[in-house]
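Here is a short set of exercises to work through with the model open on your screen. Try each task before you read its solution.

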Amino acid sequence: MAKVFFITGKPGCGKSTLIMELVKKLKRVCGILTPEIRKGKRRIGFWIIDLKSGEKRILASTEIKHGPRVSKYKVSLQNIEEIVEKFYQGFKNSKYVIIDEIGKMELYSNDFKNMLKTVFSSNKIVIATLHRNLVNKYGKFGKVFHLKKENFEDVKKEIIKEICKASNL
């Protein structure tokens with residue numbers, strides 16, 4: 001069974017920043033990242049990137065015409081599925097799995113949901129950001145850290161300590 005650590009909190013508290021700091025410290029990592037797409041100062045969508053290969057597609061955008069709607073964005077299920085397929089190529093030989101994020105957009109994809117089942121039932125160490133509205137549904141699969149700007153360094157230290165313990169370091 002995977003050892004899972006979830007990071008949750010309000011938008012802008014540093015969840016993705018913390019994930020990226022952890023990625024830099026870990027070896028044998030695979031995963032999925034979903035950074036913002038910006039046009040000038042405006043956010044127009046989100047990328048979905050396979051961490052191992054660097055392949056990226058548009059996850060959701062104000063410029064996509066078809067697909068499920070989340071807020072002002074339309075979600076590309078095909079692009080999620082293509083990146084999930086890439087994810088599996090690096091999964092077997094990885095020790096750590098990073099998922100940024102488990103959120104409403106990603107969960108429109110059955111492939112993404114099945115990937116989560118595979119990851120949670122694996123022997124990997126998983127670090128994932130979790131949308132705060134999904135803590136009740138997914139929190140049971142691991143330990144949940146509630147991040148705020150004020151406790152960023154404390155949570156970071158605690159997660160690193162937990163990762164080291166889970167890795168037998």
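**Exercise 1. A pair of charged side chains**

Which kind of link do the side chains of Glu 36 and Arg 38 form? Find it in this predicted model, then judge how accessible the two partners are.

Solution. Start with the distance: N to O, the gap between the side chains of Glu 36 and Arg 38 is 2.9 Å. The cut-off for a salt bridge is 4 Å, so the pair of Glu 36 and Arg 38 is a salt bridge. Next, look at accessibility. Glu 36 has a relative accessible area of 37% and is partly exposed. Arg 38, with 46%, is partly exposed as well. If you carry on with this rule through the model, you reach a count of 11 salt bridges.

**Exercise 2. A salt bridge between two helices**

Take the salt bridge of Glu 21 with Lys 156 and work out which parts of the chain it ties together.

Solution. First, check the pair: the side chains meet at 2.5 Å, N to O. Second, place each partner. Glu 21 belongs to helix α1 (residues 15-25) and Lys 156 to helix α5 (residues 152-166), so the bridge ties together parts that are 135 residues apart in sequence. Third, compare the accessible areas with the limit for buried residues, which is under 20%. Lys 156, at 16%, is buried, while Glu 21, at 23%, is partly exposed.

**Exercise 3. How α1 and α5 pack**

Describe the crossing of α1 and α5, and list the residues that make the contact.

Solution. Begin with the axes: they come within 11 Å and cross at roughly 40 degrees. Angles under 35 degrees would count as roughly parallel, so α1 is oblique to α5. The crossing is right-handed. On the α1 side, the contact is made by Thr 17, Leu 18, Glu 21, Leu 22 and Lys 25. On the α5 side, the residues are Phe 152, Val 155, Lys 156, Ile 159, Ile 160 and Ile 163. Sorted by class, this contact has 7 nonpolar, 1 polar and 3 charged residues. Both partners of the salt bridge from Exercise 2, Glu 21 and Lys 156, are on the list.

**Exercise 4. A second helix pair**

Now do the analysis for helix α2 (residues 77-91) and helix α3 (residues 110-120).

Solution. The axes of α2 and α3 come within 9 Å and cross at roughly 20 degrees. The two helices are therefore roughly parallel to each other. As for handedness, α2 passes α3 in a left-handed crossing. From α2, the contact takes in Ile 80, Glu 81, Val 84, Phe 87, Tyr 88 and Phe 91. From α3 come Asp 111, Phe 112, Asn 114, Met 115, Thr 118 and Val 119. These contact residues divide into 8 nonpolar, 2 polar and 2 charged.

**Exercise 5. A network of charges**

Which residues are linked with Lys 165 in a network of salt bridges? Examine the bridge of Lys 165 with Glu 162 as part of your reply.

Solution. The network links Lys 143, Glu 158, Lys 161, Glu 162 and Lys 165. In the bridge of Lys 165 with Glu 162, the closest N and O atoms are 4.0 Å apart. Both residues are in helix α5, and they are 3 residues apart, a separation of about one helical turn. Their accessibility falls into opposite classes: Lys 165 is exposed at 56%, whereas Glu 162 is buried at 8%.

**Exercise 6. Backbone angles to check**

Inspect the backbone at Arg 28, Ser 71 and the bond from Asp 100 to Glu 101.

Solution. Keep the general rule in mind: most residues other than glycine have a negative phi, and most peptide bonds are trans. Arg 28 has a positive phi, near 55 degrees. Arg 28 sits in the loop between α1 and β2 (29-33) and is exposed at 51%. For Ser 71, phi is also positive, near 60 degrees. Ser 71 is found in the loop between β6 (69-70) and β7 (73-75), exposed at 61%. Finally, the peptide bond from Asp 100 to Glu 101 is cis, with omega near 25 degrees. Glu 101 lies in strand β8 (residues 96-102).

Terms used
Residues numbered from 1 in each chain as written. Predicted model: local features only at pLDDT ≥ 70, side-chain atom pairs only at ≥ 80, totals over all residues. Heavy atoms only, no water. Helix = DSSP H or I, 4+ residues; strand = E, 2+ residues; numbered from the N terminus. Buried < 20%, exposed > 50% of the residue type's maximum accessible area, 1.4 Å probe, protein only. Axes fitted to C-alpha atoms, helices over the stretch in contact; angles between N-to-C directions. Parallel < 35°, antiparallel > 145°, perpendicular 65-115°, else oblique. Left-handed = near helix turned anticlockwise from the far one by under 90°. Contact = heavy atoms within 4.5 Å. Nonpolar A, V, L, I, M, F, W, Y, C, P; charged D, E, K, R; others polar.
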